[in-house]
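This report is for a reader who has not met this structure before. Please look over the sequence and the model below, then read on section by section.

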Amino acid sequence: MSPADFAPREPRRRSVLGSGLAGLGAAIVAVLGASTGHAEQTAALNRLAARKGLRYGTTISAAQITHDPDFVALVLQQAGLVVPENDMKWQDMNRGAPGDDDYGPADTVAGFAVEGGLALRGHNLLWYYRTPHWFLTLPDRASKQRAVVDRIKALAGRYRGIIHSWDVVNEPIEPKDGRPDGLRKAVFLEALGPEYLDLAYHTTRETDPKARLVVNEYDVELDTPEHEARRTVLLNLLQRMQRTGTPVDAVGIQAHLTAVGGPPFSPTRLRRFLADLAGLGLTIQITELDVTDAHAPADIAVRDQLIADTYRRFLDVALDEPAVKMVVTWGLSDRHSWIVRGETNEVNWRKDGLPSRPLPFDADLKPTPAFAAIADAFANAPARTPG
Ligand code: XIL
């Protein structure tokens with residue numbers, strides 16, 4: 001497939017929105033109407049955030065949009081932005097052959113965001129961990145390069161103009177892999193060399209010039225030698241990208257946190273890292289915030305307080321940095337969390353079999369102490385210019 005094979009962009013974009021709206025139809029309109037009353041009474045997280053120039057968002061999925069109207073109402077009440085948890089990942093979309101991608105679920109999420117007046121994060125264009133298996137079997141470098149460019153042009157082109165930020169490359173670093181530049185020795189690096197980053201960011205910029213381009217990473221916020229090494233490598237990568245003219249606008253800090261038994265947290269170190277990133281002229285997004293409670297006591301009141309304290313400690317420091325413009329929790333309710341579904345590392349599973357409580361609303365969509373902690377952190381944050 002060459003770029004010329006793509007349909008003209010404007011008609012395609014209209015058809016995406018058209019099908020999204022038609023597919024969702026009256027359900028969303030009903031939900032929007034129903035949610036207005038609640039929004040008046042509840043301190044919606046995004047409204048608290050917006051007063052300080054921040055945006056608050058959550059993951060969502062096409063399946064949740066179609067099957068869980070109560071959850072959808074809560075999202076519309078609380079969030080100003082959504083991100084598809086899995087529906088835009090290459091391997092999740094691909095049916096097993098080059099170019100054979102299913103855009104249905106991604107269209108549903110995009111249509112929902114547009115119809116609901118929510119900003120949309122694109123997650124993600126390239127992630128070593130969710131790349132179709134056939135990619136590795138492509139015969140040569142040129143065809144691998146073409147597959148990467150085609151993927152970016154197709155996905156970023158389809159949603160051009162409606163994406164707030166793209167995670168162009170997700171998780172590009174791994175100092176443990178031993179390369180002097182600290183880049184992860186995974187599929188794209190092995191296929192194309194470190195230049196794959198330049199190719200990906202340039203192609204995305206050309207395809208959707210208005211979207212903010214993000215490097216999204218994990219394990220860069222805590223006080224361990226590993227996190228420190230990852231911070232150094234990430235800063236170096238961003239500086240190198242800027243020096244060589246690779247377009248990048250923002251850094252995504254995933255921030256999957258641990259309530260009990262995790263690595264130590266140092267306000268000073270996180271503060272300094274955020275200031276270093278801000279010093280590069282980049283904005284900062286907290287992109288995947290949640291708190292695992294695997295090693296917290298069973299008692300729900302005690303557990304919830306430990307989880308809430310973990311949110312508060314982190315957000316108080318993060319929001320003190322005016323370059324931080326966005327906070328996204330990796331889910332809104334424990335009803336739909338990768339931690340509760342057991343899709344995290346086993347170390348994050350509770351041994352007593354009790355369901356985890358990682359998010360601001362519990363599985364019955366009731367606010368937890370984590371909700372209050374996040375709301376307070378937003379209310380106490382210094383104001384900033386939105387970004
Ligand atoms: C996770 C999803 O939440 C799971 O449902 C899926 O099984 C695996 O991916 N870092 C990321 C996210 O950037 O895309 C991951 O999401 C969580 C870790």
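## A buried residue with a positive phi

E171 has a relative accessibility of 8%, and because buried means under 20%, E171 counts as buried. The model is a predicted one, and the value for E171 is computed from that model. In the chain, E171 belongs to the loop between β4 and α10, the latter spanning residues 187-192.

The backbone of E171 has a feature to look at: phi is positive, about 60 degrees, although E171 is not a glycine. Most residues other than glycine have a negative phi.

## A second positive phi

Which value does phi take at D219? Phi at D219 is positive, at about 50 degrees, and D219 is not a glycine either. D219 is placed in the loop between β5 (212-217) and α12 (225-243).

D219 has a relative accessibility of 27%. Buried ends at 20% and exposed begins over 50%, so D219 counts as partly exposed.

## A cis peptide bond

The peptide bond that joins H123 and N124 is cis, with omega at about -10 degrees. Most peptide bonds are trans. N124 is part of strand β3, which runs over residues 119-127. H123 also takes part in the surroundings of the ligand, the topic of the next section.

## The ligand and its surroundings

Where does the ligand sit? The ligand occupies the largest pocket. Around the ligand there are 15 residues, of which E85, K89, H123, E288 and E343 come nearest. Sorted by class, this shell holds seven charged, five polar and three nonpolar residues.

Several side chains place polar atoms close to oxygen atoms of the ligand. For E343, an N or O atom of the side chain is 2.5 Å from a ligand oxygen. H123 has a polar side-chain atom 2.7 Å from an oxygen atom of the ligand, and for N170 the corresponding distance is 2.8 Å. On its own the ligand has 420 Å² of accessible area, and the protein covers 91% of it.

## An exposed glycine in a loop

G161 is located in the loop between α9 (141-158) and β4 (165-170). Is G161 buried or exposed? The relative accessible area of G161 is 54%, and exposed means over 50%, so G161 is exposed.

G161 also has a partner that is distant in sequence. D208 is 47 residues away from G161 along the chain, while the C-alpha atoms of the two are 6.7 Å apart in space.

## Helix residues and their distant partners

E226 is part of helix α12. With a relative accessibility of 45%, which lies between the limits of 20% and 50%, E226 counts as partly exposed. From E226 to P175 there are 51 residues in sequence, and 8.4 Å in space from C-alpha to C-alpha.

F273 belongs to helix α13, which covers residues 267-279. The relative accessible area of F273 is 3%, under the limit of 20%, so F273 is buried. Along the chain F273 and R231 are 42 residues apart, and their C-alpha atoms are separated by 7.3 Å.

R303 is in helix α14, made up of residues 300-320. Why does R303 count as buried? R303 has a relative accessible area of 2%, and buried means under 20%, so R303 meets that limit. V260 is 43 residues from R303 in sequence, and the distance between their C-alpha atoms is 9.3 Å.

Terms used: Residues are numbered from 1 along each chain as its sequence is written. This is a predicted model: local features need pLDDT of at least 70, side-chain atom pairs count only at pLDDT 80 or more; totals for chains, interfaces and linings use all residues. Side-chain values use heavy atoms; hydrogens and water are left out. A residue is near a molecule or strand if one of its heavy atoms lies within 4 Å of it. A polar contact is a pair of N or O atoms within 3.5 Å; within protein, one must be able to donate a hydrogen and the other to accept it, and residues adjacent in sequence count only if both atoms are side-chain atoms. Accessible areas come from the Shrake-Rupley method with a 1.4 Å probe; for residues, only the protein chains shown count as cover. On a 1 Å grid over the protein atoms alone, a cavity is a set of points where a 1.4 Å probe fits but cannot get out, and a pocket is an open set with protein on both sides within 12 Å along at least five of seven lines; lining residues have an atom within 4 Å of a point. A molecule sits in a cavity or pocket if more than half of its atoms lie within 2 Å of its grid points. Ala, Val, Leu, Ile, Met, Phe, Trp, Tyr, Cys and Pro count as nonpolar, Asp, Glu, Lys and Arg as charged, and the others, Gly among them, as polar. Helices (H or I, at least four residues) and strands (E, at least two) are DSSP runs, numbered from the N terminus. Buried means under 20% relative accessible area, exposed over 50%, partly exposed in between (1.4 Å probe, protein chains only).
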